[in-house]
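I opened the file to look at a few things in turn. My notes follow in the order in which I looked them up.

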2 protein chains.
Amino acid sequence: MISTKGRYAIRVMIDLAENQSDGYIPLKDIAARQEVSKKYLEIIVKEMVTGGLITGASGKGGGYKLCRKPEDYNIGEILELMEGTLSPIACLSSGTNECPRRKACQTLPMWTEFDNLVHDFFYGKKLSDLIHS
Amino acid sequence: MISTKGRYAIRVMIDLAENQSDGYIPLKDIAARQEVSKKYLEIIVKEMVTGGLITGASGKGGGYKLCRKPEDYNIGEILELMEGTLSPIACLSSGTNECPRRKACQTLPMWTEFDNLVHDFFYGKKLSDLIHS
DNA sequence: AAAAAACCTATTGACACGGTAGGTAAATGG
DNA sequence: CCATTTACCTACCGTGTCAATAGGTTTTTT
């Protein structure tokens, strides 16, 4: 289940892409357009900055902007940053201690197959694919 | 993220399929083979009975058994029963009140596409596909 | 009657989700 | 220089789910 953090992050990215200009776009505007609490977006946007997806600038005239072209982002990296992992199964998330039943597990092949499916789907989608206008 | 409930349920089904006999298989045995707490399995198995996946019988010689052939179960229905929904996005889960931004949402098509992918994957897998022996 | 099994109700600790609140630092315009 | 605007930072909170555990009751067979 993909949480609001991941979903809102993508919407912020789309908003930034569509309202691109020379300068920065204040979060207040994004929150208004997306009809999401600005306070909550702050948390999300902060992670996006430290994760290297966007850049922020303080002060008057400040705000946020993309640091790459929309076609150079893929949805998978955005979701992975926000959700921690894209893996739908605990055993497959990196950093999980290896399951002792791994060798005998009859479901693991299916989960692995599914994991690859999910990964390929989201890493194959570019931010620019979501923009119409 | 698929929880232990869904994952254990599938393992119980596999266990039942592989140890099929004329009679019923006690949960104690399943728990031992699967190395999972019997107490916790009770909760899961109960839902599987009320959901119509398996049948249970009390008393000595009792236990659980499949009520269909392994090839007549698909993984999707098992997961959907245990997880409530297979939809990875809240907006798409049945019973969710319709999002007011639905018409304008630029991410919905992607979520829908993903939702279909997930659905097709799990509904296309049969229980019998997971059994080797 | 005893044993074995499912079945039932309640409780728990930990943690994540989805926010809210209030303040601090930085940059700009006048 | 000062007010405004903006990001940035820390803390908190209520609700719910997850993953179990505990202990008892009913049903069925031998």
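**DNA strand C**

I began with the residues around DNA strand C: there are 25 of them, and A:Ser3, A:Ser37, A:Gly59, B:Leu27 and B:Gly56 come nearest. I kept in mind that this is a predicted model.

Next I looked up which elements supply at least two residues each to the surface near DNA strand C. From chain A these are α1 (4–18) and α3 (38–50). From chain B they are α2 (27–34), α3 (38–50), β1 (54–57) and β2 (63–66). I then sorted this surface by class and got 7 nonpolar, 11 polar and 7 charged residues.

**DNA strand D**

I repeated the search for DNA strand D. Around it are 25 residues, of which A:Leu27, A:Gly56, B:Ser3, B:Ser37 and B:Gly59 come nearest. Here chain A gives two or more residues from each of α2 (27–34), α3, β1 and β2, while chain B does so from α1 and α3. The classes near DNA strand D are 7 nonpolar, 11 polar and 7 charged.

**The two copies**

How is chain B laid on chain A? A turn of 180° with a shift of 0.0 Å along the axis does it, and the RMSD is 0.0 Å. The two copies are therefore related as by a two-fold rotation axis. I also looked for the residue of chain B that comes closest to this axis, and found B:Met1, with its C-alpha at 2.8 Å.

I then compared the interface residues. Of those in chain B, 100% are also interface residues in chain A, so the copies meet through the same surface.

**The hairpin in chain A**

I went back to A:Gly59, which I had noted near DNA strand C. A:Gly59 sits in the turn of a hairpin formed by β1(A) and β2(A), with 5 residues between the strands. Its phi is positive, about 80°. The strands, residues 54–57 and 63–66, run antiparallel and are joined by 4 bridges. I looked up one partner: A:Thr55 in β1(A) is bridged to A:Lys65 in β2(A).

**Nonpolar cores**

In soluble globular proteins, nonpolar side chains tend to be buried together. I looked for such groups here. The largest nonpolar core has 28 residues, and B:Ala9, B:Val12, B:Met13, B:Ile78 and B:Leu79 touch the most other members. In chain B, α1 (4–18), α2, α3, α4 (75–83) and α5 (108–123) each give two or more residues to this core. The largest share, 6 residues, comes from α1(B).

Apart from this core lies another, of 26 residues, among them A:Ala9, A:Ile10, A:Leu53 and A:Phe122.

Note on methods. Residues numbered from 1 in each chain as written. Chains lettered and ligands numbered in written order. Predicted model: local features only at pLDDT ≥ 70, side-chain atom pairs only at ≥ 80, totals over all residues. Near = placed C-beta within 6 Å. Nonpolar A, V, L, I, M, F, W, Y, C, P; charged D, E, K, R; others polar. Least-squares fit on C-alpha atoms with pLDDT ≥ 70 in both. Contact = placed C-beta atoms within 7 Å. Pairing = 2+ DSSP bridges. Core = buried A, V, L, I, M, F, W, Y, C linked by C-beta atoms within 7 Å. Buried ≥ 20, exposed ≤ 12 C-beta atoms within 10 Å, placed from the backbone.
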